[in-house]
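Reader: I have the sequence and the 3D view open. Can we go through the wording, term by term, and see where each label comes from?

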Amino acid sequence: MTVDIDTSVNGLLNGNRRILAKTITLIESSLSSHQSLAQAILDRLLPHTGKAVRLGITGVPGVGKSSFIESLGMLLVGKGHRVAVLAVDPSSTRSGGSILADKTRMERLCADSRAFIRPSPSSGTLGGVARKTRETMLVCEAAGFDVIIVETVGVGQSETTVSLMVDFFLVLMLAGAGDELQGIKKGVLELADAVAINKADGDNIEKARRAQRDYETALQLLRPASPNWSPPVLTCSARDLTGIEDIWSVVLKHRNIMTSSSELDQNRRSQSLSWMWSLVEEGLKDRFHHHPEVQHRLPQLLRQVESGMLSPTAAACQLLFLLDKA
Amino acid sequence: MTDHPQKQKWTDLATKQLKGKSPDTLDWMTPEGIRVKPLYTAEDLEGMEHVNTLPGIAPFVRGPMATMYSGRPWTIRQYAGFSTARESNEFYRKNLAAGQKGLSVAFDLATHRGYDSDHPRVVGDIGKAGVAVDSVEDMKILFDKIPLDEMSVSMTMNGAVLPILAGYIVAAEEQGVPQEKLTGTIQNDILKEYLTRNTYIYPPTPSMRIVSDIIGYCSKHMPKYNTVSISGYHMMEAGANSVLQTAFTLADGLEYVKAALATGMDIDVFAPRLSFFFGIGMNFFMDIAMLRAARFLWHELIKPFNPKNVQSLMLRTHCQTSGWSLTQQDPYNNIIRTTLECMSAVLGGTQSLHTNSFDEAVGLPTNFSARIARNTQILVQEESQVCHVVDPLGGSYYVEALTDGIISGARKIITEIQALGGMAKAIETGMPKLRIEESAARKQARIDQGLDVIVGVNKYKIEEKPLEDVREVTDAVRVEQVERLKELKAKRNAVEVQKALEHITRCAEGDGNLLEASILAIRARATVGEVSDAMEKVFGRFVATTQCISGVYASEYGNNTAVIDALRKRSQDFADKEGRRPRILMTKMGQDGHDRGVKVVATAYADLGFDVDISPMFQTPEETAKMAIENDVHLVGVSSLAAGHKTLVPQLIAALKAGGGDDIKVVVGGVIPPADYEFLFEAGAVGVFGPGTSIIDSANQTLNVLEKKHG
């Protein structure tokens, strides 16, 4: 891919979609040459980022995330916002390939010129989902999108990662789907700035209200992350378009409170710091595994630890010592 | 079960002939999961309750009528329609003169989805997969010089069922034929549209209300008319095996029965007017057994409602030979395939039959291919002497055992659906659609491995020029329809039309009969699109959620993973070199909702290591281009089964260029006549994959294109 940094930066700042798409491809690329290009572009864009509402949305498969985002997104573009949706789809570990079918459930939003939707496969990138999504978010901000929605499947590690890059983290739930927490890890509730019971329509409304009360009780037992915000529980229906507007009001209210208490800035600063640290840790790991001496010595040391000839502590010391050799 | 007294002797003999191997090694596990043995005996039939019953008498395994074809043969009913009403009318009258007995109308996809021909979303669809009908004026031309009091007319319509049925009723009325004299069938089977074909308009709940309104109206005013034709055909075409086809079709039927009962109707008022529509494929004995099993199960399912009229318990069906089984390669083989499938339907005891034309894998039938198709049935009826005996395979150990296998397999699935709360609820969970798609992906994998033989495609391939004489519908049809719409709108009484349309909207909000309201509007010259819109205001337009399976295609290869591994390696090598996997957007543009092919290809490509985006259905070329550009795919794969490709592909390529995506390549797959390949390449497509292309081949060719570009 031939890329001129000036053209890219100017194109992005002018909202050129093709250049935006191509820049995201660079960010997602596993080639280090693409990486350094992406970093060079990002450096130039940084002053133009940070103004958007960053909204993370999670929920188990089947909770209706995509339809919810379709409804919310249409509401927002109707209000004059420009909305970018970043969705991460799991890649198959066997074939490496993936199916990215989110847009089929965002029929109107993906055809709307005020929205930009980019589903991404989760595999095959340096630094994983986290780096890719975070940087893509910044590029979208620079390209003039003022609401960034990051969608993630709430069944793995990704929801913690996403909660650490957004201003507001919304957890979608279903009423009466058996187990109260539906296999979603209980820790996810601790990350929530709000919980919404989706599909509160038709015969389901009563059940949704009951679930609402149950989750309210559950959330009261958790210590809120901010002294100024207790996560509310709402109900909505992406199908009947009810409750969506209320959720957006909650997001804005949260933003006002967090802005006036300066927590928004604090959060973003601490997110940047923790982000830096996680990059450092990842970089160290990466450097360790790619170190030629380590690669050379590792098989033998593994065998020795396995067979009990060497203690794990001694082996670790030896391995780490190798790093100091140039 | 006891064994035949001489079974041991036979086993010894067979073992000897197999050079020591047990005859059990000859067992064949069918895709339905039925184990087929090399030999059946009377002992296999012990305890089967359907065996040795009589035709015309419950449980009707051997046929709904006592004398079946010995009294009167089945109705030869060829499904046809294309271009304008005038052209289709000429075609119908020619066929009727040549021995066809009933009419069966195919409408174009714009009509199915409730759009008039001048709507911007349908430019590639007008007159292509059927006849374009915008108003009762078109309907009158369609049936010109065809006496509707004598001719039974079947109409395949589900989405825009109200304006079309109303159009037929008003056309008859203006021919001087009162509605109570009308005979025929409206398909009106909306549930299966959510499973396969996707030619719905509204969400399931209001759609079911429309079905009930039609059943209610017709039971009062059109006593001889079949109000629902519960269709498994499209499920088979989408890849369902015979057990799935039986189970889902009967479960759909049961749902309509319950919906009608819920409106307070008596079962005997409508159940005798329900008919069925099954697809017949190449597994000769299986589909004979399928029709017998379906009749048995329908009786079993309806009996608990205690009908007084015995006809309520009888499954009567139309059948059609499989269009999917036809090949573009060595196309005259299709005549033989259709003949075998025709025999299967006849031996299964169908009430009417459509036989496909041999050229339907590439386009619409020509006059010549339509004649051969019709004659296939006429020959069986009039030359082969098969009509003299009712259910001639009744008592065949094998066919009876297969019948039993389908009964128990389908019964199990129907019970599962009932546990989910019926078919409408099951459809909401996505279960039936995923089962069909899984069945389709497995079949494709068997074909690509040569395990399922298709002559001319994966075995005995020949080098020859494919058919060139293909009927083509040009854009002139759309231009003509748009002109006619303008004329109609200039002549009619606009105030009266507006009032009639508002009345429909009020009925949709309340509980007036929607067919009654639609007849008033159509009589006032409201268009199909306007009547549909008047209801859409209240009901909304349905948007399908697409679920996609993964891993199924590759798993069907079992341990023979060499080709799969080779392709995965190519994808990985590409990723190592380019920084990401080959990324392809699979799309369907226009109103063509046949999504089996695109889903099978999508799941297979993901299994082969591609990143696969899937677009929503019914895209305009501009919408597809936007998505391709935003997702920055390497390639767009267009699936076209309804002849829209010559309009839509050039528009897509232009839209890609306009959005700065000129580096994004386009490949086209589906029903593409060989004569169009050159056109598509000239328009800028880099690959065209016609019917029968193995997925492995297409994936390799696709990678060749990408590697060349990036290499």
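Reader: What makes you say that helix H23 of chain B lies across strands of both chains?

Author: This is a predicted model, and contact here means heavy atoms within 4.5 Å. Helix H23 (residues 596-607) of chain B lies across S3 of chain A together with S12, S13 (611-614) and S14 of chain B. Its direction makes about 165 degrees with that of S12(B).

Reader: Which sheet do those strands belong to, and why is it called open?

Author: The order is S3(A)-S13(B)-S12(B)-S14(B)-S15(B)-S16(B), six strands with parallel pairing. S3 (98-100) of chain A and S16 (687-689) of chain B each have a single partner strand, so one side of each has no neighbour in the sheet. Direction ignored, neighbouring strands are turned by 20 degrees against each other on average.

Reader: How do you know that S12(B) and S14(B) pair?

Author: Two strands pair if at least two bridges are found between them. S12 (residues 583-587) and S14 (residues 635-640) of chain B have four bridges and run parallel. So they meet the definition. For a place to look, B:Leu585 stands opposite B:Val636 in S14(B).

Reader: Why is strand S10 of chain B called largely enclosed?

Author: Buried means under 20% relative accessible area. Five of the five residues of S10 (residues 317-321) are buried, so the rest of the structure largely encloses this strand. Both faces are covered. B:Thr317, B:Cys319 and B:Thr321 are buried on one side, B:His318 and B:Gln320 on the other.

Reader: Why do the names skip every second residue?

Author: In a regular strand the side chains alternate between the two faces of the sheet.

Reader: Which strands pair with S10(B)?

Author: S9 (residues 274-280) of chain B joins S10(B) through five bridges, running parallel. B:Phe277 stands opposite B:His318 there. S11 (residues 352-354) of chain B pairs with S10(B) over three bridges, again in the parallel sense. In that pair B:Gln320 faces B:His354.

Reader: What makes up the β-α-β units around S10(B)?

Author: One runs from S9(B) through helix H11 (residues 284-302) to S10(B), and this crossover is right-handed. S10(B), helix H12 (residues 333-348) and S11(B) make a right-handed unit too.

Reader: What is the strand order of the sheet that holds S10(B), and what stands at its edges?

Author: The order in chain B is S7-S6-S5-S4-S3-S11-S10-S9-S8, nine strands in an open sheet with parallel pairing. S7 (225-226) and S8 (228-231) each have a single partner strand, so each is left with one side lacking a neighbour in the sheet. Helix H9 (residues 242-262) of chain B packs on this sheet and touches S8 and S9.

Reader: How do you know that helix H19 of chain B is mostly covered?

Author: Seven of the 10 residues of H19 (residues 514-523) are buried. They are B:Leu514, B:Leu515, B:Ala517, B:Ser518, B:Ile519, B:Ala521 and B:Ile522. Their cover includes H5 (136-142), H6 (161-175), H7 (204-221), H18 and H20 of chain B.

Reader: How do H18(B) and H20(B) cross?

Author: H18 (residues 494-509) and H20 (residues 528-539) pack at about 35 degrees, with their axes 8 Å apart. The crossing is right-handed. Among the contact residues are B:Leu501 and B:Ile504 of H18(B) and B:Val531 and B:Met535 of H20(B). The contact residues divide into nine nonpolar, one polar and three charged.

Reader: Why is B:Leu45 called buried or exposed?

Author: The cut-off for buried is under 20%. B:Leu45 has 11% relative accessibility, so it counts as buried. This residue sits in the loop between S2 (35-36) and H2 (68-71) of chain B. Beyond its neighbours within four places in sequence, its contacts are B:Val51, B:Gly395, B:Tyr397, B:Glu400 and B:Ala401.

Reader: What covers the two faces of the record in chain A, strand S6: buried residues or exposed ones?

Author: Buried ones, on both faces. Seven of the seven residues of S6 (residues 168-174) of chain A are buried. S1 (residues 53-59) of chain A pairs with S6(A) in the parallel sense over four bridges. Five bridges join S6(A) to S7 (residues 194-198) of chain A, also parallel.

Terms used
Residues are numbered from 1 along each chain as its sequence is written. Chains are lettered from A and ligands numbered from 1 in the order in which they are written. This is a predicted model: local features need pLDDT of at least 70, side-chain atom pairs count only at pLDDT 80 or more; totals for chains, interfaces and linings use all residues. Side-chain values use heavy atoms; hydrogens and water are left out. Axes are lines fitted to C-alpha atoms, for helices over the stretch in contact, and angles run from 0 to 180 degrees between N-to-C directions. A crossing is left-handed if the near helix is turned anticlockwise from the far one by less than a right angle, and right-handed if clockwise. Ala, Val, Leu, Ile, Met, Phe, Trp, Tyr, Cys and Pro count as nonpolar, Asp, Glu, Lys and Arg as charged, and the others, Gly among them, as polar. Buried means under 20% relative accessible area, exposed over 50%, partly exposed in between (1.4 Å probe, protein chains only). A crossover is right-handed if, with the strands pointing away from the viewer, the path from the first strand over the helix to the second runs clockwise.
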